[in-house]
Amino acid sequence: MALAQKHANTTTCYMPYITAFFMPRNDTDRPKVVPDGAVNFAFLGQFAEVARDTIFTTEYSMRTGMETVYTLCDVNRGVPEVWGSVYDVRCLLDATAKLQDGRKVTEMKLPLIERKALGAALRKVKGTDIEKLLVAYGII
Ligand SMILES: Cc1cc2nc3c(=O)[nH]c(=O)nc-3n(C[C@H](O)[C@H](O)[C@H](O)COP(=O)(O)OP(=O)(O)OC[C@H]3O[C@@H](n4cnc5c(N)ncnc54)[C@H](O)[C@@H]3O)c2cc1C
């Protein structure tokens, strides 16, 4: 008690919940890394806006640092592009397989209707590039 009252020096503060990271956002919810007109300050880290990027990675934070230095110090270098994985069907298939711990759709115990629908879908794509993709990324 004496320690708490006389010696502890704690500044309490509110922290965002971890789920705050993953809430839908629009481009006015967070400050731009280098706000319009800023010449000697910027916002770094997870709660500054980087277009198209997904937060919760060290990569995101690094990108904000790069953008800051390159913009404010007028360095003629481009910030590495955000990889457009969300639009890449190969990446989405790969992620889907990994979410299933590598288990193929064809190995999953599906209810009758889903099993029939899957069979019909697989017959439809037989011999096509879609089937090749499904095989290549471990879906079937
Ligand atoms: C459990 C967990 C697992 C993760 N796994 C991965 C992973 O596998 N791959 C990946 O890429 N990322 C991962 N991350 C995310 C990654 O760790 C963060 O995105 C990254 O560390 C953020 O770096 P930052 O420098 O922007 O912020 P932080 O590392 O959070 O640094 C912010 C610093 O500011 C300090 N600070 C805060 N307020 C004040 C204040 N008022 N005055 C002075 N200092 C202050 C804090 O003490 C802290 O040191 C993970 C995070 C967690 C929590």
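How far does a backbone N or O atom of Phe56 lie from a nitrogen atom of the ligand? The legends below take up this contact and other views of a predicted model.

**Figure 1. Polar contacts of the ligand with the backbone of Phe56, Thr57 and Thr58.** The distance between a nitrogen atom of the ligand and a backbone N or O atom of Phe56 is 3.4 Å. At Thr57, a polar backbone atom is 3.4 Å from an oxygen atom of the ligand. At Thr58, a polar backbone atom lies 2.8 Å from an oxygen atom of the ligand. The ligand exposes 990 Å² when taken alone, and the protein buries 23% of that area.

**Figure 2. The residues around the ligand.** Phe56, Thr57 and Thr58 are among them, and so are Gly45, Gln46 and Ser61. By class, this shell holds five polar residues, one nonpolar residue and no charged residue.

**Figure 3. The largest pocket and its lining.** The space in this pocket comes to about 320 Å³. One part of the lining consists of Arg52, Asp53, Thr54, Thr57, Glu59 and Arg63. Val82, Trp83, Gly84, Ser85, Val86 and Tyr87 also line the pocket. The lining residues are split into four charged, four polar and four nonpolar. Thr57 belongs to this lining and is also one of the residues around the ligand.

**Figure 4. Asp29 in the loop between helix H1 and helix H2.** Helix H1 covers residues 2-7 and helix H2 covers 58-72, with Asp29 in the loop that joins them. The side chain of Asp29 comes to 3.0 Å from the backbone nitrogen of Asn26. Asp29 also lies 8.1 Å from Glu49, C-alpha to C-alpha, although 20 residues separate the two in sequence.

**Figure 5. The two ends of helix H5.** Helix H5 is made up of residues 129-136, and Thr128 caps its N-terminal end. In this cap, a side-chain oxygen of Thr128 is 3.2 Å from the backbone nitrogen of Ile130. Just after H5 comes Gly138, where phi is positive at about 75°.

**Figure 6. The helices of the protein and its overall extent.** The protein has five helices and zero strands, so its elements read α-α-α-α-α from the N terminus on. The radius of gyration is 24 Å, whereas the globule rule gives 14 Å for 140 residues; the protein is therefore more spread out than a compact globule. Its C-alpha trace spans about 70 × 55 × 25 Å along the principal axes.

Technical notes:
Residues are numbered from 1 along each chain as its sequence is written. This is a predicted model: local features need pLDDT of at least 70, side-chain atom pairs count only at pLDDT 80 or more; totals for chains, interfaces and linings use all residues. Side-chain values use heavy atoms; hydrogens and water are left out. On a 1 Å grid over the protein atoms alone, a cavity is a set of points where a 1.4 Å probe fits but cannot get out, and a pocket is an open set with protein on both sides within 12 Å along at least five of seven lines; lining residues have an atom within 4 Å of a point. Grid points are joined across faces, edges and corners, and a volume is the space filled by probe spheres set on the points. Ala, Val, Leu, Ile, Met, Phe, Trp, Tyr, Cys and Pro count as nonpolar, Asp, Glu, Lys and Arg as charged, and the others, Gly among them, as polar. A residue is near a molecule or strand if one of its heavy atoms lies within 4 Å of it. A polar contact is a pair of N or O atoms within 3.5 Å; within protein, one must be able to donate a hydrogen and the other to accept it, and residues adjacent in sequence count only if both atoms are side-chain atoms. Accessible areas come from the Shrake-Rupley method with a 1.4 Å probe; for residues, only the protein chains shown count as cover. Helices (H or I, at least four residues) and strands (E, at least two) are DSSP runs, numbered from the N terminus. The radius of gyration is taken over C-alpha atoms; the globule rule is 2.2 Å times the number of residues to the power 0.38.
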